[in-house]
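Here is a friendly walk through one protein chain, from its overall make-up down to a few single residues. Please keep the viewer open as you read.

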Amino acid sequence: MHMVRMNMRNLDKRHIAAATAVLAVVTAGYWVTRSDGGATSGPQATAADPGHLSEVQIRQLGIRLEPAREAGAAPVGTVPGVVSLPPEARVAVTSPFAGTALRILVIQGEVVSAGQPLAVVRAAETVQFGAELSRAQADLGVSRAAADRLALLAREGVVAGARADEARAMVNRNEATIRENRRLLAMAGASGDGTVTLRAPIAGRVATVAIDAGAAVGGGGAAPFVIENDAALMLDLQVPERLAAQLRPGMTVELATAAGASATITGRLLSVATSLDPVTRSVAAKASLSAASGLVPGKGVMAIISGNAGDGKLGVSVPSVAVTRVEGQDYVFVRNGSRFVRRRVVVAAEVGGRSVLSAGLKPGEPVAISGVAELKSLLAGQ
């Protein structure tokens, strides 16, 4: 109990010391005002208008000012998102023939170029298709010669024209068989020894390696390789219900990076879903995003969505330390001549140590960025 009383006494002393400091500054301002010839107006003016502070009082309270900056299009809000890849940026590599992997030539995460070999697979079907191709090529010469001879006899009236048509149809079937087998073997990268070389269809990074040497390939199983190209990224957003109606495609999306406020990544809102997720109570939205260092698919980020710059609604940016909470609302302290006033604002987003305001402040207005706690005590009655 003795220790509790000691702590309570120390706490009371700190509160009394803080109030005494503010009172001392105001009193000092009064005596400075008296020394400047305002002997009768100093204390009355301070009591009647606590926002009126002299330059001496401003220095003693440690108040520093900074003008609000224009932040471009007014932000609608900040929403969570996950970096993802566009649908066309992920390509699965499969084998058209069932077989066995002989050699794996890449590892997961390796950067590959388009057409680079990924694996060598032994597939017996390639030998069968190769043999069928050879037979079709051999039959084609014979069928062409027969078709030409019957066409000549049909023109002279020796044979019926139907026989010449049948011979020409045989030529067409052989040509179609040759084209189909060539296409299948070329698509599979098959060689004459019964092996198939799987190649990267696009440049990018190997995201998945699902096989080892000796494993079965093909036959409708999972794709042995997946290649990802992260030259362009997307953002999967979860928009709160209260903001969904304000969003439309084409709006600006901005991310802040760890490099600081000046290092930002921008994109454009592509689509906004029309239905609400019953679990998260949010609406799904997607945005395009320029590729940048530090961004990888799957990374969680906070995105600021802003209106178009041409819609006439501009946001204002101030240091985040200038914004204080009073009874659950956001306020800043604005200097107007020799007075300070408490101004309610709407904080739409915070990025890089700065708060972006969508209402309550105009560009160029000076706001207090230090001494905010002291101003909050002085102007508590406003």
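Strands here are DSSP runs of E with at least two residues, numbered from the N terminus. In that numbering, Thr-252 belongs to strand β13, which covers residues 252–257. We will come back to this threonine below. Please keep in mind that the whole model is predicted.

## The chain as a whole

The protein chain contains seven helices and 23 strands. It has 382 residues, and 36% of them count as buried. Among contacts with a separation of 6 or more, 73% join residues that are 24 or more positions apart. The accessible surface is about 20,900 Å², with 55% of it belonging to carbon and sulfur atoms.

How far does the predictor trust its own work? The mean pLDDT of the chain is 78, and 79% of the residues reach 70 or more. Of the elements, β6 has the highest mean value, 94, while helix α1 (residues 2–35) has the lowest, 44. Two stretches deserve a careful eye. Over residues 1–23 pLDDT stays under 50, and the model has one contact beyond four places in sequence for them. Over residues 25–46 pLDDT also stays under 50, and here the model has 15 such contacts.

## Nonpolar cores

In soluble globular proteins, nonpolar side chains tend to be buried together. In this model, the largest nonpolar core has 25 residues, and those with the most contacts inside it are Leu-235, Leu-237, Leu-255, Leu-269 and Leu-295. Two or more residues each come from β3 (75–84), β12 (232–240), α6 (241–244), β13, β14 (260–272), β15 (282–290) and β16 (300–306). Apart from this core lies another one of 18 residues, including Val-93, Phe-97, Ala-101 and Val-206.

Leu-237 is a good place to zoom in. Beyond its neighbours within four places in sequence, Leu-237 is in contact with Val-79, Pro-80, Gly-81, Leu-269, Val-283, Ala-284, Ala-285, Ala-287, Ala-303 and Ile-305.

Now back to Thr-252. Which side chain does the side chain of Thr-252 meet in a polar contact? The partner is the side chain of Arg-268, at 2.9 Å. Setting aside residues up to four places away in sequence, Thr-252 touches Gly-267 and Arg-268, along with Ile-304, Ile-305, Ser-306 and Gly-307.

## Two open sheets

One open sheet of four strands runs in the order β4-β11-β9-β6, with antiparallel pairing. Its edge strands, β4 (90–93) and β6 (111–112), each pair on one side only. Within this sheet, β9 (residues 204–209) and β11 (residues 225–228) are joined in the antiparallel sense over four bridges. To find one of the partners, look at Thr-208, whose bridge partner in β11 is Val-226.

Another open sheet of four strands has the order β8-β7-β5-β10, again with antiparallel pairing. Here β8 (195–199) and β10 (216–217) are the edge strands, each pairing on one side only. Strand β7 (residues 117–122) pairs with β8 in the antiparallel sense over five bridges. Val-121 stands opposite Val-196 in β8.

## Residues worth a look

Most residues other than glycine have a negative phi. Two residues of this chain carry a positive one. Arg-281 has a phi near 55°, and Glu-327 has a phi of about 50°. Arg-281 lies in the loop between β14 and β15, and Glu-327 sits in the loop between β18 (324–326) and β19 (329–336).

Are these residues buried or exposed? The table sets their accessibility beside that of a serine from strand β17.

| Residue | Relative accessible area | Class |
|---|---|---|
| Arg-281 | 45% | partly exposed |
| Glu-327 | 79% | exposed |
| Ser-317 | 9% | buried |

Why does Ser-317 count as buried? Its relative accessible area is 9%, and buried means under 20%, so the serine falls in that class. Ser-317 is found in strand β17 (residues 314–319). Leaving out residues up to four places away in sequence, Ser-317 touches Ala-68, Arg-69, Ala-71, Arg-354 and Ser-355. Glu-327, by the same kind of reasoning, counts as exposed because its 79% lies over the 50% cut-off.

Definitions and conventions. Residues are numbered from 1 along each chain as its sequence is written. This is a predicted model: local features need pLDDT of at least 70, side-chain atom pairs count only at pLDDT 80 or more; totals for chains, interfaces and linings use all residues. Side-chain values use heavy atoms; hydrogens and water are left out. Buried means under 20% relative accessible area, exposed over 50%, partly exposed in between (1.4 Å probe, protein chains only). Contact means heavy atoms within 4.5 Å. Accessible areas come from the Shrake-Rupley method with a 1.4 Å probe; for residues, only the protein chains shown count as cover. A polar contact is a pair of N or O atoms within 3.5 Å; within protein, one must be able to donate a hydrogen and the other to accept it, and residues adjacent in sequence count only if both atoms are side-chain atoms. A nonpolar core is a set of buried Ala, Val, Leu, Ile, Met, Phe, Trp, Tyr and Cys residues joined through side-chain atoms within 4.5 Å. Two strands pair if DSSP finds at least two bridges between them. pLDDT is the predictor's confidence in each residue, from 0 to 100.
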